[in-house]
Amino acid sequence: MSTSSPSFVAARPSVWRRAADYLALSKPKIMLMELVTVAAATVAAVHGAPDARLLGHALLGTFLVAAGASVGNQWLEWRSDALMDRTADRPLPSARMSRGEVAAFGAVVTLGGVAYLWTLVNPATAAIGALTWFVYVCLYTPLKSRSTSNVTVGAVSGALPILMGWTAAGRPLDVGAAVLFAVVFLWQFPHVMAVGWIYRRQYAAAGLRMVPVVDPSGRRAGRVATAGALALLPVSLLPAAIGMAGPWYLCWAAGLGLWQALRAFQFLAGRDDRTARALFRATLAYLPALLTWIAVGLLRP
């Protein structure tokens with residue numbers, strides 16, 4: 001009895017830790033932003049409240065496919081993750097999980113997510129979900145150690161969930177979908193430049209060719225961030241032009257865009273951690289604030 005009791009007590013935290021590791025593989029913080037974009041796009045597609053059950057299926061299916069993409073990313077990058085403080089404690093580099101176990105989990109959630117979307121949403125949404133996984137895992141992830149073009153490819157994969165939300169409503173891809181895709185695509189440039197600068201030393205140690213690693217002065221990162229924020233300004237006004245949002249949205253979008261552009265300019269001028277973190281916080285607030293305004297406006301009777 002004296003030997004069995006401690007082993008039973010010790011097993012309980014290991015179960016919770018294993019559950020936490022599976023959750024960590026899905027990158028829940030990134031997942032939340034993706035689910036916001038899917039929900040907002042579904043509302044925008046129908047110009048009102050979508051079918052609640054259909055939206056729930058779309059969000060769950062997206063969650064599974066996005067989790068599979070995160071798992072695939074970590075499965076490929078486990079060596080570089082081990083070299084960075086911010087990722088060294090992930091399940092693979094810390095050796096809490098084996099590569100085989102992670103690969104099996106990734107395959108189950110990815111294939112399960114695509115099948116779920118195909119069956120309970122529609123084939124178009126499932127196909128875009130599979131494409132999102134492919135671009136993120138098979139193109140973006142390998143490019144991170146080879147070329148700074150990973151930024152553009154990653155922006156494509158990050159914007160594709162908008163199209164998943166749009167098609168989930170049964171709407172064909174049109175100008176409205178293209179506008180929302182462009183908003184999310186352009187938003188990622190100031191966001192990624194800020195993240196890249198904050199963690200530039202860790203990225204360099206891991207051999208990842210992020211823009212602030214290739215150009216340690218920060219000038220290129222600052223120019224990319226500023227160009228992305230400025231390009232986003234007029235694009236973000238288009239929802240009002242196509243009837244997706246009302247006139248007050250113009251003031252909201254312009255204010256958010258100018259604030260984000262100001263932070264990008266400050267980063268370009270300062271090129272330090274303080275201005276990078278200020279830009280990072282601005283980008284985190286910008287996208288949900290913009291999309292929520294559009295969605296709430298369309299949900300009003």
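Which helices do the buried residues of helix 11 pack against? In this predicted model, they pack against helix 8, helix 10, helix 12 (247-270) and helix 13. The legends below begin with helix 11.

**View 1. Helix 11 (residues 219-241) and its kink at Leu 233.** The end C-alpha atoms of helix 11 are 34 Å apart, which agrees with the 33 Å that its 23 residues should span at 1.5 Å a residue. At Leu 233 the helix has a kink of about 30°, and the proline Pro 234 follows shortly after. Leu 233 is one of the buried residues of helix 11, and others among them are Ala 221, Gly 222, Ala 225, Thr 226, Gly 228 and Ala 229. Just after the helix, Gly 243 takes a positive phi of about 80°.

**View 2. Val 211 in helix 10 (residues 211-214).** With a relative accessible area of 5%, Val 211 is buried. Setting aside residues up to four places away in sequence, Val 211 touches Thr 148, Val 151, Met 193, Arg 220 and Ala 221. Ala 221 is also listed with the buried residues of helix 11. Between Val 211 and Cys 138 there are 20 Å in space, C-alpha to C-alpha, and the two are 73 residues apart in sequence.

**View 3. The crossing of helix 7 (residues 150-168) and helix 8 (residues 175-198).** The two axes come within 8 Å and cross at roughly 145°. The crossing is right-handed. On the helix 7 side, the contact includes Val 151, Gly 154, Ala 155, Gly 158, Ala 159, Ile 162 and Trp 166. Helix 8 contributes, among others, Gly 176, Leu 180, Phe 181, Val 184, Phe 185, Gln 188 and Met 193. By type, the residues of this contact divide into 16 nonpolar, 5 polar and no charged.

**View 4. Gln 188 in helix 8.** Gln 188 counts as buried at 10% relative accessibility. Not counting residues up to four places away in sequence, the residues that Gln 188 touches are Gly 154, Ala 155, Gly 158 and Ala 159. These four belong to the helix 7 side of the contact with helix 8.

**View 5. Helix 2 (residues 28-46) and the residues that flank it.** Helix 2 has 19 residues and reaches 27 Å from its first C-alpha to its last, close to the 27 Å expected at 1.5 Å a residue. Its buried residues include Met 31, Met 33, Thr 37, Val 38, Ala 40 and Ala 41. The buried residues pack against helix 3 (52-76), helix 7, helix 8 and helix 13. Lys 27 is placed in the loop between helix 1 (4-25) and helix 2. Its phi is near 50°, a positive value in a residue other than glycine. Most residues other than glycine have a negative phi. His 47, just after helix 2, takes a positive phi of about 55° and is not a glycine either. His 47 is found in the loop between helix 2 and helix 3. Lys 27 counts as buried at 11% relative accessibility, whereas His 47 is partly exposed at 42%.

**View 6. Thr 275 in helix 13 (residues 273-299).** Thr 275 counts as buried because its relative accessibility is 5%, below the 20% cut-off. Leaving aside neighbours within four places in sequence, Thr 275 is in contact with Gln 266, Phe 267 and Gly 270.

Key
Residues are numbered from 1 along each chain as its sequence is written. This is a predicted model: local features need pLDDT of at least 70, side-chain atom pairs count only at pLDDT 80 or more; totals for chains, interfaces and linings use all residues. Side-chain values use heavy atoms; hydrogens and water are left out. Axes are lines fitted to C-alpha atoms, for helices over the stretch in contact, and angles run from 0 to 180 degrees between N-to-C directions. Helices (H or I, at least four residues) and strands (E, at least two) are DSSP runs, numbered from the N terminus. A crossing is left-handed if the near helix is turned anticlockwise from the far one by less than a right angle, and right-handed if clockwise. Contact means heavy atoms within 4.5 Å. Ala, Val, Leu, Ile, Met, Phe, Trp, Tyr, Cys and Pro count as nonpolar, Asp, Glu, Lys and Arg as charged, and the others, Gly among them, as polar. Buried means under 20% relative accessible area, exposed over 50%, partly exposed in between (1.4 Å probe, protein chains only). The expected span of a helix is 1.5 Å times one less than its number of residues. The bend at a residue is the angle between axes fitted to the seven residues ending there and the seven starting there.
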